[in-house]
Amino acid sequence: MTNGTITEEKNIANNSGKTVYPRHTEKIMKGNFAAAEAAKLCRSGFIPAYPITPQTTIVEELSAKVARGEMDAAYVNMDSEHSVFAAAMGAALAGERVFTATSGQGLFYAHEVLHAIAHFRLPIVICNVGRPSIPWNIWSDQSDSISQRDTGWVQIYGESSQEVLDSVIQSFIIAEELDLPVMVVLDAFYQSHTSENIWIPEQQLVDEFLPAKKSKGDEIDLESPKSIGGLVPPEHYEKFNYTYWQNINQVEELTNKVGKDFGKHFGREYKAVESFNINKNTKLVLVTMSSITTTARGVIKNHPDVGLLKLRLFKPFPKQSVLEALKELPDDAIIAPIERNFLGDNYGATIQELMRAFYNERNFKMYDFYTGLGGKDVPPLTIEKIIYKAKNNPKDVNWIDLEY
Amino acid sequence: MLEIRGHARGGQGMVTAFEILAKIFSKLGDFQVQSFPAFGVERTGAPIQAFLRVAKGDILNRSNIYEPNLIVVFDETLIDMVPVFDGLKGNGSVLLNTENDASKYSEYSSSIFTIPATKISLEKGLGSKSLPIVNAAMIGAIMRVLDADIEIAKKIVAENVPSKPEANADSSFVAYENVLGIDKINRTLIESFHKTEAEALTIDIEKIMSVEKHPDENMIFPSWSQPMSLNKTGNWRVLTPSYLTKEAPCSSNCPAGTDVRGFIDLASDKKFTEAFDLIYEHNPFPSICGRVCPHFCEQNCNRNSIDDALNIGAVERFLGDKNFEREVPKAEISQKEKIAVIGAGPAGLTTALRLVEKGYETTVFEALPQAGGMMRTGIPEFRLPSNVLDKEIENIEKRGVKVILNKKVAVKELENEFDAVVTSVGSHIGSSMRIENEELSIDGIKFLQNFKLNGDAQGIKKGEEIAIIGGGNTAIDVSRTALRLGAKPVVYYRRTHNEMPAISHEVEEAVKEGVKFEFLTAPVAMKKTDDGRIEVTIVKMELGEPDDSGRRRPVPIENSEYKITVDRVIKAIGQWFDDYAFEGKEVKPEQGKIDFEANVPIFCAGDMAWGGTVTEAIGSGNKAAEEVHAYLQSLPYSHEETMPEVVLPDKINFAYYLPSPRYNGDEHFPKDLYNDFSEVVSGLGDEDIVKETSRCLHCGECFSCGNCYNYCPDSAIHIDDHGRLRIDYDYCKGCGICVQECPCSAMEFKLSEVTND
């Protein structure tokens with residue numbers, strides 16, 4: 001498999017050496033359908049929906065699952081993403097397990113409500129299929145989700161569609177344990193519309209891992225009306241932020257723990273970050289998120305001195321996991337993040353977060369690489385160019401194919 | 001690892017085919033698979049690619065396929081449009097959907113297979129000729145090229161197609177069996193399919209980067225001032241929109257052939273002279289037709305579907321009246337042949353005018369002391385004032401038509417002096433009722449003529465009761481004239497109001513004025529009473545089966561007779577032509593050249609041939625002149641007319657038009673009509689005419705509303721230097737929104753290739 005580390009004893013290899021996961025069915029499925037399948041397996045009870053390319057088939061498939069009676073959920077077609085997230089908020093306040101999905105402009109439009117959901121502490125899980133805004137474009141790009149990084153949502157990026165499915169299951173655990181919303185991000189087309197081998201766990205297996213949502217006792221109750229969301233005076237306001245801060249700081253550790261538990265239960269283990277070929281001899285580390293990681297893993301096979309750091313948890317930024325992954329890396333090594341995001345700043349989001357993580361901790365040479373924006377294909381040749389450029393007189397910030 | 005790249009157009013279903021292929025390969029062995037599309041900016045019809053990777057182990061590449069082992073082309077028209085063969089591995093293969101010989105592509109690959117997938121799919125009923133669904137056939141052919149198990153493929157195809165599972169599975173199998181070139185199967189390809197690892201990337205990065213150190217000076221950066229400049233989508237078009245002027249129902253229904261939409265448009269721009277000239281090309285009597293025509297144009301006006309038809313009659317009348325005093329140059333006589341026309345009615349005068357304009361010396365012989373035919377004798381003053389008629393005839397004479405009055409002639413008298421004779425004597429002989437004592441009745445058409453020419457009321461006195469028999473225009477005109485002479489007219493008609501041949505607004509006016517109607521009645525006998533009045537026996541009728549005219553035939557009801565006593569009976573049940581011109585010899589009057597023995601060709605036009613309205617007579621005259629000219633010059637002429645596409649209401653986008661009330665001229669209905677022969681309906685003034693013309697929907701002709709310009713999602717429509725809307729076919733991808741949103745059906749959308757001028 002292309003994802004995570006395989007826990008040996010749980011899995012059996014068939015005659016040809018291929019890993020087979022017990023209590024799973026292998027299917028050829030597109031990423032969007034894997035996301036919908038995950039929402040079903042998590043027994044999401046409320047799905048407000050509004051379609052947008054390239055997310056559309058997620059909500060279409062969920063609608064079909066509800067219509068076919070495969071899912072016991074209330075599915076509501078809303079008039080906009082702003083309404084979708086408002087409805088999600090209401091249902092979560094009433095104690096439902098809520099799932100929805102969006103993309104690009106849809107996420108931008110919901111921006112105001114994203115803040116509200118996070119700071120009302122509502123454990124909603126969504127999938128965002130990354131696409132940019134203007135210039136108008138429907139292809140793969142992480143600018144939409146990353147520009148929402150300060151709304152208070154946890155963000156997890158999946159490298160494969162298997163990872164998306166598995167991450168949605170893990171996200172409900174994280175969300176409901178800390179009362180925080182989680183956004184699982186997948187790449188437009190390279191994941192959303194790509195058919196690939198996906199192992200679907202059986203329902204019982206998921207139920208054993210993710211129990212039904214527990215009542216906290218403070219849900220909306222028609223028998224006991226109350227006011228929610230009133231004006232918070234200055235003397236109390238900070239206290240909300242303080243408790244939020246305490247919980248968001250637990251996310252990284254919990255992500256690693258849930259990922260490990262998931263591995264024990266399903267056979268596929270996950271962490272906040274994953275490293276490949278990073279050791280004391282490594283001279284260059286590429287930093288990637290989502291599907292570019294796979295291509296980069298293929299390319300570094302031919303480069304013994306190049307390592308790869310994959311960020312799975314992006315927000316809150318997993319500082320300790322990153323430092324741990326780079327523990328053996330010499331100080332004179334180069335860090336080269338690949339940015340499939342453009343936020344109107346000199347540096348892309350990945351290097352910004354890494355710099356903050358390294359401050360007072362490590363002092364690597366760091367060069368930023370923009371590529372793959374708006375769905376521009378990132379083939380092995382592009383990764384080769386980044387490796388070459390990072391080693392040969394790089395600029396502080398580099399645009400592959402546009403500047404030399 | 002096996003890498004396949006597919007080429008098709010958006011909408012053909014290739015992406016689905018590649019998904020199904022991924023499922024098939026996952027069942028052919030323990031393969032990891034990865035299939036995904038690369039869509040362009042545009043969708044239906046645009047070239048797209050789909051990719052499929054198949055490997056025994058992990059697929060460590062999530063990017064497009066640039067160096068495939070196998071290239072599959074679903075649509076061969078793409079070969080000249082996009083570089084489909086790019087990057088094919090040295091030992092790779094190509095599979096083309098074609099019925100043609102593929103050897104011309106041998107420079108791209110030494111291993112080319114072909115499959116007539118479109119033919120196979122259509123034979124299996126998959127898709128249509130314009131959009132065949134070749135997926136299953138292509139899958140079958142791919143199975144053959146890879147020497148893979150077709151039975152598994154058939155099963156998975158059947159499970160995964162949205163419809164017709166058996167036909168699809170069959171189509172896969174037929175294709176599997178019919179791949180051409182399979183005698184030279186590519187073993188290397190089949191081996192790569194079973195290999196675990198991808199072939200190592202062989203890139204000389206040093207070399208690439210040394211080239212790239214020199215930045216491309218010509219790199220194009222997009223600019224929002226020309227947002228589409230990087231994206232010429234014109235060649236992805238399947239259906240092509242274009243501006244096309246179509247026939248409007250007003251114009252196509254005018255018997256005279258008037259370009260109604262055209263003159264309305266000119267009038268709306270206050271180009272009253274140009275508008276008049278346009279009418280005059282077909283109709284030399286606009287002032288008259290504007291008043292007395294049943295307005296076939298208005299009857300078919302698409303505006304009837306919103307509120308009321310455009311008041312085309314009022315516009316025509318306005319334009320005619322406004323141009324009475326224009327300069328009329330005399331036409332130059334350039335032909336040697338001389339032509340005689342018998343009868344100075346609308347048909348005869350129109351024929352003569354057209355012939356004079358064509359250069360023939362033309363003389364019209366009129367039996368009566370005044371020209372105008374039925375316009376003069378049959379249409380009362382209150383509908384058509386004599387000075388209007390005088391003006392229009394005067395202008396025809398100014399053009400060079402010679403009119404000889406008081407000269408009743410026969411064809412024989414003219415055949416030596418003229419080279420052709422056109423007979424257009426009208427229908428001035430009233431038909432007989434064939435009942436007892438019919439001589440007690442007055443003939444309606446004669447009555448109108450006598451009154452019009454001589455002011456002879458023929459004895460009708462104030463307070464008299466008059467029975468008028470018939471339901472046509474003559475009956476109505478008689479009744480309204482009688483009313484003005486102080487009589488109490490009652491019209492007896494054997495059918496109902498719905499079947500009346502009279503112009504409906506004339507009937508409405510008659511009712512408003514006080515004419516009474518007795519429908520479903522017919523006289524069967526008359527006799528003189530002792531006090532000098534007339535007793536008429538009337539039988540009641542009912543409507544039976546439809547007759548040849550399509551109207552229901554009136555049938556007498558047995559024993560329903562009743563008697564009325566009136567002062568006078570005027571019959572107006574039909575008219576026939578006076579055969580004096582043919583000296584009583586039998587002749588079949590019909591449009592154009594007729595069979596009649598004479599030294600010169602004899603033609604026929606007007607009411608005696610067909611029709612019964614002024615406008616029909618004008619149309620008849622126009623055609624007769626064309627035929628005379630064609631005959632004399634030995635030019636081809638045909639009575640056959642091709643019916644153009646007419647814009648009917650279902651082609652109008654009514655949502656784009658607002659309701660707007662019709663401007664009508666004032667109607668003059670005084671309480672006492674006695675001796676009041678003044679015109680009933682007044683004309684409209686300049687401002688009202690402009691407002692009324694603005695109600696035109698412009699059926700079938702672009703009026704630059706700009707909907708296409710506003711709605712075009714590709715900004716492919718622009719306004720050219722002449723202010724015209726034009727489509728830039730470099731960018732039009734054929735979505736059809738412009739056609740859909742055109743309010744007046746002035747565009748067409750069809751399978752054709754158009755390029756920019």
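**Sheet across two chains**

I looked up an open sheet of 8 strands in this predicted model. I read its order as 4(A)-11(A)-2(B)-3(B)-1(B)-4(B)-5(B)-6(B), and I noted that the pairing is mixed. I then checked the edges: strand 4 (24-30) of chain A and strand 6 (112-115) of chain B each pair on one side only. Ignoring direction, I found neighbouring strands of this sheet turned by 25° against each other on average.

**The chain B edge**

I followed strand 5 (residues 93-97) of chain B to strand 6 of chain B; the two run parallel and are joined by 4 bridges. For L95(B), I found the bridge partner F113(B) in strand 6 of chain B. I also noted helix 3 (residues 135-145) of chain B, which packs on the sheet and touches strand 4 (70-73), strand 5 and strand 6 of chain B. Its direction makes about 150° with that of strand 5 of chain B.

**The chain A edge**

I saw helix 1 (residues 31-41) of chain A lying across strand 4 and strand 11 (195-201) of chain A. Helix 1 of chain A runs at about 135° to strand 4 of chain A.

**Helix 18 of chain B**

Which residues of helix 18 (residues 444-454) of chain B are buried? I listed G444(B), I445(B), F447(B), L448(B), F451(B) and K452(B). They lie on the same side of helix 18 of chain B because they cover an arc of only 160° around the axis. I looked up what these buried residues pack against, and the list includes helix 15 (374-377), helix 19 (473-484) and strand 21 (568-571) of chain B. Just after helix 18 of chain B, I noted that G455(B) takes a positive phi of about 65°.

Definitions and conventions:
Residues numbered from 1 in each chain as written. Chains lettered and ligands numbered in written order. Predicted model: local features only at pLDDT ≥ 70, side-chain atom pairs only at ≥ 80, totals over all residues. Pairing = 2+ DSSP bridges. Axes fitted to C-alpha atoms, helices over the stretch in contact; angles between N-to-C directions. Contact = placed C-beta atoms within 7 Å. Buried ≥ 20, exposed ≤ 12 C-beta atoms within 10 Å, placed from the backbone. Arc of directions from axis to C-beta.
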